[in-house]
Structure formats: structure tokens, C-alpha cells
Amino acid sequence: MVQAATTVGGYLQSLPNDRRVAMARVCSMIRRSARGVRESMRFGLAFYEMDGPLFAVVSQEKALTLYFAEQDVVNEFADQIPLLDVDHCRIAFSDLNCLPLDQVEKLVRASLSKRRERDAGSAPSQDDLLELWGVKEEALAVAPPIVRINMTDDETNENAN
């Protein structure tokens with residue numbers, strides 16, 4: 001799903017109602033649990049950053065996906081969250097009811113704690129994370145804006161002659 005939104009709020013507004021509600025709950029949980037992270041949109045992903053990307057959220061064709069940057073922390077939660085893909089540090093879910101939000105919130109908080117313990121330059125880069133997550137930049141490229149030129153009736157009649 002290619003999004004042209006430049007803010008997370010705009011991104012959420014562009015989603016169908018059922019996905020908007022689920023994504024808004026996940027984004028809200030991240031903002032509440034990971035105070036101090038910065039929110040931005042890049043490559044059609046909602047990024048949450050602290051000294052580099054920490055989380056990313058996206059609504060794709062068949063699932064909603066939450067990505068994590070702290071691989072060590074993800075490994076610790078492998079047994080607690082059934083939908084957790086440890087190899088790609090992500091949780092893909094089609095329905096919010098399938099997502100154990102209380103466990104995911106613990107994972108978010110543990111990831112934030114781990115990031116705060118790191119030296120400023122030792123966090124994984126955006127390129128490293130996109131590779132880990134299996135995300136292709138080209139697939140998430142934002143579509144160019146649609147430009148429409150409205151012609152008045154006088155211009156339309158003039159062009160018809």
C-alpha cells in the first residue's frame with residue numbers, strides 16, 4: 001500500500017476505518033510506552049526514533065506490521081508473543097484482537113530501555129534495519145503527488161475550437 005502522507009496522523013487518516021482503529025491503538029501504545037521517541041513518516045512507514053529508528057509501523061495489503069530495532073530484546077520475548085517473527089524482528093497481524101497488546105507493550109518498553117543503555121552511535125542504521133526487516137525501499141516509495149489542473153468553461157470552449 002503506497003501512502004503519500006507526510007505525518008503519522010495523515011497516514012492514519014488515509015487508512016480504511018478498521019485498519020485506522022487498529023493502527024491508531026498500536027501507535028498510541030508506542031507513544032505512551034516509549035516517551036521521548038520522535039515520530040516521522042519515511043518510505044510509507046511510521047517511524048519511532050531515539051538515536052536512530054527504534055520502531056516502525058505499516059499497514060500492508062494483507063496485514064498490519066510492527067517492526068522492532070532491538071534484536072536482543074526481541075529474542076527475549078520469542079516465547080511470550082506467538083506472532084513474533086524473531087528472524088525479521090516484526091509482528092504481523094491482521095486483527096487487533098490477535099495481538100497481545102500487554103506483551104507487546106512490555107517489548108516496546110524493554111526496547112526503549114535497551115536503546116537508552118546503548119552508546120549514541122551504536123544503534124543500528126536505517127539501512128541495516130530495512131534489510132533486517134526485509135523491507136525494500138522501492139516497494140515502500142511514496143507515490144508522487146497527483147496534480148490536477150482545473151480549466152474554467154471559457155478555457156474548455158477555447159480549446160475545443
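What follows walks through the sheet, the ring pairs and the salt bridges of this structure. The model is a predicted one.

The sheet comes first. Six strands make it up, running in the order 1-2-3-4-6-5, and the sheet is open, with antiparallel pairing. Its edges are taken by strand 1 (38-42) and strand 5 (84-85), each of which pairs on one side only. Strand 5 pairs with strand 6 (residues 90-93) in the antiparallel sense, and two bridges hold that pairing. Asp85 has Arg90 of strand 6 as its bridge partner.

Two helices pack on this sheet. Helix 4 (residues 101-117) touches strand 3 (53-59), strand 4 (64-68), strand 5 and strand 6. The direction of helix 4 makes about 145 degrees with that of strand 3. Helix 5 (residues 126-133) also packs on the sheet, where its contacts are strand 1, strand 2 (45-49), strand 3, strand 4 and strand 6. For helix 5, the angle with the direction of strand 2 is about 125 degrees.

Next, the aromatics. The count of aromatic pairs comes to three. One of them joins Phe47 and Trp133, with ring centres 6.3 Å apart and planes at 35 degrees, so this pair is tilted. Phe47 sits in strand 2 and Trp133 in helix 5, so the pair ties together parts that are 86 residues apart in sequence. Both ends are tucked away: Phe47 is buried, at a relative accessible area of 1%, and Trp133 is buried too, at 0%. Why do these two count as buried? The label goes to residues under 20% relative accessible area, and the values are 1% for Phe47 and 0% for Trp133.

Phe55 and Phe68 form another pair, with centres 5.8 Å apart and planes at 90 degrees, so this one is edge-to-face. Here the link runs between strand 3, which holds Phe55, and strand 4, which holds Phe68, the two being 13 residues apart. Phe55 counts as buried at 0% relative accessibility, and Phe68 is likewise buried at 0%.

Back at Phe47, ring pairs link this residue with Tyr67 and Trp133 into a cluster. Phe47 also has a charged neighbour: Arg42 lies over the face of its ring, 4.3 Å from the ring centre.

That leaves the salt bridges, of which a search of the whole structure finds nine. Among them is Glu39 with Arg31, where N and O are 2.7 Å apart. Glu39 is partly exposed at 35% relative accessibility, and Arg31 is partly exposed at 36%.

Glu70 and Arg118 form another salt bridge, with their closest N and O atoms 3.0 Å apart. Glu70 lies in the loop between strand 4 and helix 3 (71-76), while Arg118 lies in the loop between helix 4 and helix 5, so the pair ties together parts 48 residues apart in sequence. Glu70 is buried at 0% relative accessibility, whereas Arg118 is partly exposed at 27%.

Within helix 4, the side chains of Arg109 and Glu105 meet in a salt bridge of 2.8 Å, N to O. The two lie four residues apart, about one turn of the helix. Arg109 is partly exposed, with a relative accessible area of 43%, but Glu105 counts as buried at 16%. Salt bridges also bring in Arg32, which joins Glu105 and Arg109 in a network.

Technical notes:
Residues are numbered from 1 along each chain as its sequence is written. This is a predicted model: local features need pLDDT of at least 70, side-chain atom pairs count only at pLDDT 80 or more; totals for chains, interfaces and linings use all residues. Side-chain values use heavy atoms; hydrogens and water are left out. Two strands pair if DSSP finds at least two bridges between them. Contact means heavy atoms within 4.5 Å. Axes are lines fitted to C-alpha atoms, for helices over the stretch in contact, and angles run from 0 to 180 degrees between N-to-C directions. Rings of Phe, Tyr and Trp (its six-membered ring) pair if their centres lie within 6.5 Å; planes under 30 degrees apart count as stacked, over 60 as edge-to-face and the rest as tilted. Buried means under 20% relative accessible area, exposed over 50%, partly exposed in between (1.4 Å probe, protein chains only). A charge sits over a ring if NZ of Lys or CZ of Arg is within 6 Å of the ring centre and within 35 degrees of the ring normal. A salt bridge is a side-chain nitrogen of Lys or Arg within 4 Å of a carboxyl oxygen of Asp or Glu.
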